[in-house]
There are 2 protein chains.
Amino acid sequence: MIYKFGFGFNTETRNMSKCKVSAYNYVAEPFHVDFCGRLFMGVLGNHLLNSAGFHATERGFGIARLNESNYTWVLSRLAIEMEEMPREYESFTVETWIENVYRLFTDRNFAITGKDGKIYGYARSIWAMINLDTRKPADLLTLHGGTIVDYIESEKPCPISKPGRIKVNEKQPCRTIDVQYSDIDINGHVNSIKYIEHIMDLFPKDWYAVKTVRRFEVAYVAESYSGDRLSFFKEQVGDEEYDIEVRKNVAEGQSVGEVVCRGKIIFRNK
Amino acid sequence: MIYKFGFGFNTETRNMSKCKVSAYNYVAEPFHVDFCGRLFMGVLGNHLLNSAGFHATERGFGIARLNESNYTWVLSRLAIEMEEMPREYESFTVETWIENVYRLFTDRNFAITGKDGKIYGYARSIWAMINLDTRKPADLLTLHGGTIVDYIESEKPCPISKPGRIKVNEKQPCRTIDVQYSDIDINGHVNSIKYIEHIMDLFPKDWYAVKTVRRFEVAYVAESYSGDRLSFFKEQVGDEEYDIEVRKNVAEGQSVGEVVCRGKIIFRNK
């Protein structure tokens, strides 16, 4: 799930030296809401990743800069917890900041807010950086002379738990799909957002009529490509909690295959 | 394909009385481009329909106003012809205007342009208005005292041909899919954009490595819903030209089913 930072509507270089948190505004578009009129989880994920890209670019560690030295960001995990999803036509704001930087990973958090201080929810993400030649992880603490640590904002609250362990023993796939043209991103991989959509589609419309997603988690493990067949294994692990594993090219009647992605959904009644 | 006008980032009411053409700016986001780095056709379609919504709302015939009298717009046909698709991170502008208003239909055109007068392409669309109670078409010439005709712009060129006839005799579906949660919009129907994506997915990634879409056409005929199974019938009708028909709930081994949507794609070599 390589995600290219560097995307920005704002082309002017702003002085962000004192500013650790940035905020970006979105509107829930008509074709981006589900039958209940609430923003799709995949669309929210796209806005979070775009916001991450804006934030990084404005501070000089976006992909454009990184690519000069042949590095790129890779999204490893994403956890989203929502009180409520924005409704059709509602404006909302994504705030994002870096909570921590380690040698091989960085924690980036998000708050999704609305008018009059309304809190829609929060999200946490974990990123690594890789060298595009060697595909090996890079040392974040030495990036740009270690300047990334100047942007650490450890005080701002993100009151949701970190991504946890997801384990699926289920042997019978609940859905199998062939990777399509529209699944593939510019890197030739199934894109991070499409996995979210496919995981959400493991539950029927009637389910979403009475349930809403309280927490959604995804861990990206390996890439899948055009020509791959993805099998989805789903296991109920709690009262309202489901773990999902996506394996590729599982032989007919078998359950073994390379894991490309894992997910967890915790629902609540509406 | 009911499309709710009324969506707008711009909440101030502007005086549009003398302005017949409006322009809206977009950027090709990372997850909105294909493996070649070019905007997905479905994403472009979404931007066109959003632009149509902005334009109508700013002139007082958006859905919010219409719903007071219980009417809504219905997209009937859309034809898009592209010289080139915007690349990842490229900014582009969608201009839209009304070319004609008839009693039961209106023709709305689009130009997709870039920096320095670059022309990406053009599009044409045909819309009707229905009464939400009776589902019967409304008379556009009497809407709001006939004010819609004040916005007709018949001089601005849209140098692509009007949507034409699409006819498919093929008896063997090339793909069959069950409608998923993420296909369904706020009206409970498979959304207009998802049909475009599914039609584009009838051609493999390798095809798009060497071909690009010169013209894409879609005609919306009937609604499909959660629980429906959609069968796609594809027929080559010219050197680089394919007609597609989407029928719902076709019995196994049969080819007969209610037509929900038709499409045409004309390719060219890259």
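## How α1 and α3 meet in chain A

In this predicted model, a helix pair in chain A is a good place to start: A:Met41, A:Gly42, A:Gly45, A:Asn46 and A:Leu49 in α1(A) meet A:Ser192, A:Ile193, A:Ile196, A:Glu197 and A:Met200 in α3(A). Sort the residues of that contact by class and you get 5 nonpolar, 4 polar and 1 charged.

How do the two helices sit against each other? Helix α1 of chain A covers residues 41-58 and helix α3 of chain A covers residues 192-200; their axes are 8 Å apart and the packing angle is about 160 degrees. Because angles over 145 degrees count as roughly antiparallel, α1(A) is roughly antiparallel to α3(A). As for handedness, the crossing of α1(A) and α3(A) is right-handed.

Is α3(A) mostly covered or mostly open? It's mostly covered, with 9 of its 9 residues buried. The buried residues of α3(A) include A:Lys194, A:Tyr195, A:His198 and A:Ile199. Also buried in α3(A) are A:Ser192, A:Ile193, A:Ile196, A:Glu197 and A:Met200, the residues of α3(A) that meet α1(A).

### The two domains of chain A

Now for the domains. The domain assignment splits chain A into domain 1, residues 22-151, and domain 2, residues 175-269. Taken over C-alpha atoms, the centres of these two domains of chain A are 21 Å apart. Where they touch, domain 1 of chain A puts in 16 residues and domain 2 of chain A puts in 15. On the domain 1 side, the elements giving two or more residues are α1 and β2 (71-82) of chain A. Which element gives the most there? That's β2(A), with 8 residues.

### Where chain B touches chain A

The two chains touch as well: the contact takes 35 residues from chain B and 35 residues from chain A. On the chain B side, three elements give two or more residues: α1 (41-58), α3 (192-200) and α4 (205-210) of chain B.

Here's the class make-up of the contacts, as residue counts:

| Contact or side | Nonpolar | Polar | Charged |
|---|---|---|---|
| α1(A) with α3(A) | 5 residues | 4 residues | 1 residue |
| Domain 1 of chain A, side touching domain 2 of chain A | 9 residues | 4 residues | 3 residues |
| Chain B, side touching chain A | 18 residues | 9 residues | 8 residues |

Key
Residues numbered from 1 in each chain as written. Chains lettered and ligands numbered in written order. Predicted model: local features only at pLDDT ≥ 70, side-chain atom pairs only at ≥ 80, totals over all residues. Axes fitted to C-alpha atoms, helices over the stretch in contact; angles between N-to-C directions. Helix = DSSP H or I, 4+ residues; strand = E, 2+ residues; numbered from the N terminus. Parallel < 35°, antiparallel > 145°, perpendicular 65-115°, else oblique. Left-handed = near helix turned anticlockwise from the far one by under 90°. Contact = placed C-beta atoms within 7 Å. Nonpolar A, V, L, I, M, F, W, Y, C, P; charged D, E, K, R; others polar. Buried ≥ 20, exposed ≤ 12 C-beta atoms within 10 Å, placed from the backbone. Domains from an automatic or database assignment.
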